[in-house]
Amino acid sequence: RAPSSGLSRPRVFEVCDDDNKGYLSREEFKVAVVLLFSYKPSKVEVDAVMSSVKPENSGILFEKFLDLMSARKAAQLYNSETWQIFTAFDVQSRGFLTFEDFKKTFNSVSSKLPESAIPEAFREVDQDSDGCISFKDFESAMKYGQDEGSLLYFA
């Protein structure tokens, strides 16, 4: 989703830092996230960010804010790309991939691997063993081996 304002990350920090104190309080941080990403972060997300604040600081400093927002933006772009890939494979727009869909996709993407590997790969990706690969299954497979904490959340 596009940001709800035309403000850049540095400008949002400046706007949300009410008293020009050089850091964002818990509430100011939540407002900044809403301005940049059009969603209100959960208490858990905000708690995670605030727990990373050094005791000598009273809030989120500018550099930390930029790092957090850049990671969040990267996660947002990654999730959008994952959805685009999934929908490209879901040629019938059903919201899931059947074994046949997966087989066609697998062959077009990775024709060098033996066809005998496809059923095992399908079982691996179909985490709930319902015979279909949902977006959630697909997304988990795409993220396999990545440090999810650094991509998906703020802390």
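On a 1 Å grid over the protein atoms alone, a pocket is an open set of points where a 1.4 Å probe fits, with protein on both sides within 12 Å along at least five of seven lines, and its lining residues have an atom within 4 Å of a point.

**View 1. The second largest pocket of the predicted model.** About 220 Å³ of space lies in this pocket, the volume being the space filled by probe spheres set on the points. Among the 12 lining residues, Phe89, Phe102, Phe106, Val125 and Phe138 are the closest to its centre. Helix 5 (99-109), helix 6 (118-125) and helix 7 (135-143) each supply at least two lining residues, and the largest share, four residues, comes from helix 5; helices are DSSP runs of H or I of at least four residues, strands runs of E of at least two.

**View 2. The two sides of helix 3 (residues 43-51).** Glu45, Val46, Val49 and Met50 are the buried residues of this helix (under 20% relative accessible area, 1.4 Å probe, protein chains only). Because they cover an arc of only 130° around the axis, these residues lie on the same side of helix 3. Lys43, Val44 and Ser51, on the other side, are exposed (over 50%). The buried residues pack against helix 2 (26-37), strand 2 (60-61) and helix 4 (62-89), with contact meaning heavy atoms within 4.5 Å.

**Notes.** Residues are numbered from 1 along each chain as its sequence is written, and side-chain values use heavy atoms, with hydrogens and water left out. In this predicted model, local features need pLDDT of at least 70 and side-chain atom pairs count only at pLDDT 80 or more, whereas totals for chains, interfaces and linings use all residues.

Conventions: Arc of directions from axis to C-beta.
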